[in-house]
Amino acid sequence: MSQSQEALVSRRSRLLGEKSQLFYDEPVHLVRGEGVWLYYADGRKYLDAYNNVAHVGHCHPHVVEALCRQASLLNTHTRYLHTAILDYVERLTATFDAILSSAILTCTGSEANDIALRMAQAATGRMGIIATDATYHGNTTAVSQLSTRMPPVGGRARHVRLVPAPDSYRQPDAMANGKAFGDAVREAIASLAKDGIGLSGMILCPLLANEGFPTLPSGFFDDAMRAVRDAGGLVIADEVQPGFGRTGSHFWGHQRAGFVPDILTMGKPMGNGHPVAAVVTSREILATFRNAFRYFNTFGGNPVSCAVANAVLDVIEQEDLVANARDVGAYALGLLRPLAERHECIGEVRGAGLFFGAELVHDRETREPAPDIAEQVANRMRHCGVLMGKTGIHGNVLKIRPPMPFSRDNADVLIGVLDEVLGEVGGVKA
């Protein structure tokens with residue numbers, strides 16, 4: 001790092017804490033963004049193949065204009081009447097199954113998931129919640145209980161049960177029909193019943209994004225959903241990562257996965273970088289929640305946030321970004337798959353739409369995970385002008401999740417650089 005970078009990192013550590021997380025061994029100092037590009041302080045530009053936050057592209061003019069226009073007119077909370085939130089919720093819920101017709105707007109996905117857990121508790125009168133053992137659903141006290149990467153202080157709460165995350169690469173037989181996953185959910189339900197807690201629901205990302213977005217057959221979740229609902233629980237879909245058309249085939253991840261949740265949540269992409277998120281459910285579940293909890297969010301659903309979120313929907317529609325995700329995602333996967341023939345460190349290529357990547361291994365025979373290689377790849381890509389990340393059960397899955405206007409030309413650049421980097425760090429070619 002340069003002296004100026006070191007000084008900035010030191011200042012950040014002093015003011016925000018030494019473990020305030022930064023991407024990459026040599027952090028990127030960003031000063032500007034436009035479309036799928038991010039600009040460094042010294043003028044260098046980076047192809048952004050990571051950010052679902054700037055869903056319709058960094059600093060999209062239509063979104064920026066909507067924000068500025070509404071900010072100059074009115075910004076207040078929802079204890080006054082204003083039409084912006086009503087117009088937006090009507091437009092948003094029109095993208096779902098008819099029963100999902102009501103919403104609460106929040107500022108973050110963490111807040112949305114926290115509310116979703118409380119909705120399930122209110123609707124069932126029980127506390128137990130099931131998630132996978134390689135997931136992430138946010139930072140509040142309640143949802144942080146679901147993360148295994150940082151175990152909760154004092155141990156995990158008695159009402160939480162974590163089931164093994166599906167692994168399409170190492171356990172392909174278990175992926176055939178979802179029966180193994182359903183059985184694990186049944187065991188968790190039985191455990192909650194034995195301890196006198198009972199089941200309120202199960203929360204999952206329909207793409208299993210943080211679990212490494214394994215390849216799931218159609219209907220994979222059906223058996224687990226049946227187990228949850230037979231036990232009187234609710235299904236919560238966390239759409240923060242697969243939502244708003246990212247998978248290319250459907251507007252929402254649960255639609256692609258083939259189920260209708262009782263509650264769903266969304267966050268980051270909803271406001272293109274502006275802090276706005278939501279919980280969507282039925283009128284009946286929302287009414288039960290309102291009766292059980294005196295919930296109010298000062299900033300959730302304010303007129304500026306609603307104007308921004310509405311502008312994001314405009315851009316998705318006007319620029320046909322769901323179709324773009326389908327086309328460019330398929331094109332990128334078509335470029336990525338041949339890399340597995342040249343680089344022995346690639347165990348499996350996978351993904352859907354503009355959410356794709358590859359699982360990296362030290363040995364294809366033993367399928368030993370290679371998180372060290374994934375870390376090297378992400379850092380070398382950064383030095384070559386492409387930003388991407390890693391995720392998965394073992395931290396060894398390359399995570400490519402660019403803004404939705406990502407083009408075929410962008411994919412050519414991305415895969416070309418990745419080919420070179422894998423040749424440098426991935427060992428012997430096949």
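Good morning. I shall begin with the interior of this chain, where the largest nonpolar core has 92 residues. The residues with the most contacts inside that core are Phe244, Met266, Met270, Val377 and Leu414. Helix H10, spanning residues 303–318, gives the most to this core, with nine residues. I should say at once that the model before us is predicted.

Let us take Leu414 as an example. Leaving aside residues up to four places away in sequence, which residues does Leu414 touch? Its partners are Leu47, Ala49, Phe356, Met381, Val386, Ile400 and Phe406. There is also a second, separate core of 21 residues, including Ala131, Leu146, Ile203 and Phe289.

I turn now to the chain as a whole. Its secondary structure comprises 14 helices and 16 strands. The radius of gyration is 22 Å, close to the 22 Å that the globule rule gives for 430 residues, so the chain is as compact as a globular protein of that length. Along the principal axes, the C-alpha atoms fill a box of roughly 60 × 55 × 45 Å. Of the 430 residues, 54% are buried.

How are the contacts distributed along the sequence? Among contacts between residues at least 6 apart in sequence, 73% join residues at least 24 apart.

Finally, the surface and the charges. The accessible surface comes to about 18,600 Å², and carbon and sulfur atoms account for 51% of that area. The chain carries 41 positive and 46 negative side chains. The centres of these two sets lie 5 Å apart. Thank you for your attention.

How values were computed:
Residues numbered from 1 in each chain as written. Predicted model: local features only at pLDDT ≥ 70, side-chain atom pairs only at ≥ 80, totals over all residues. Heavy atoms only, no water. Helix = DSSP H or I, 4+ residues; strand = E, 2+ residues; numbered from the N terminus. Rg over C-alpha atoms; globule rule 2.2 N^0.38 Å. Buried < 20%, exposed > 50% of the residue type's maximum accessible area, 1.4 Å probe, protein only. Contact = heavy atoms within 4.5 Å. Areas by Shrake-Rupley, 256 points an atom, 1.4 Å probe, with all protein chains shown as cover. Lys, Arg positive; Asp, Glu negative; His and termini not counted. Charge placed at Lys NZ, Arg CZ, Asp CG, Glu CD. Core = buried A, V, L, I, M, F, W, Y, C linked by side-chain atoms within 4.5 Å.
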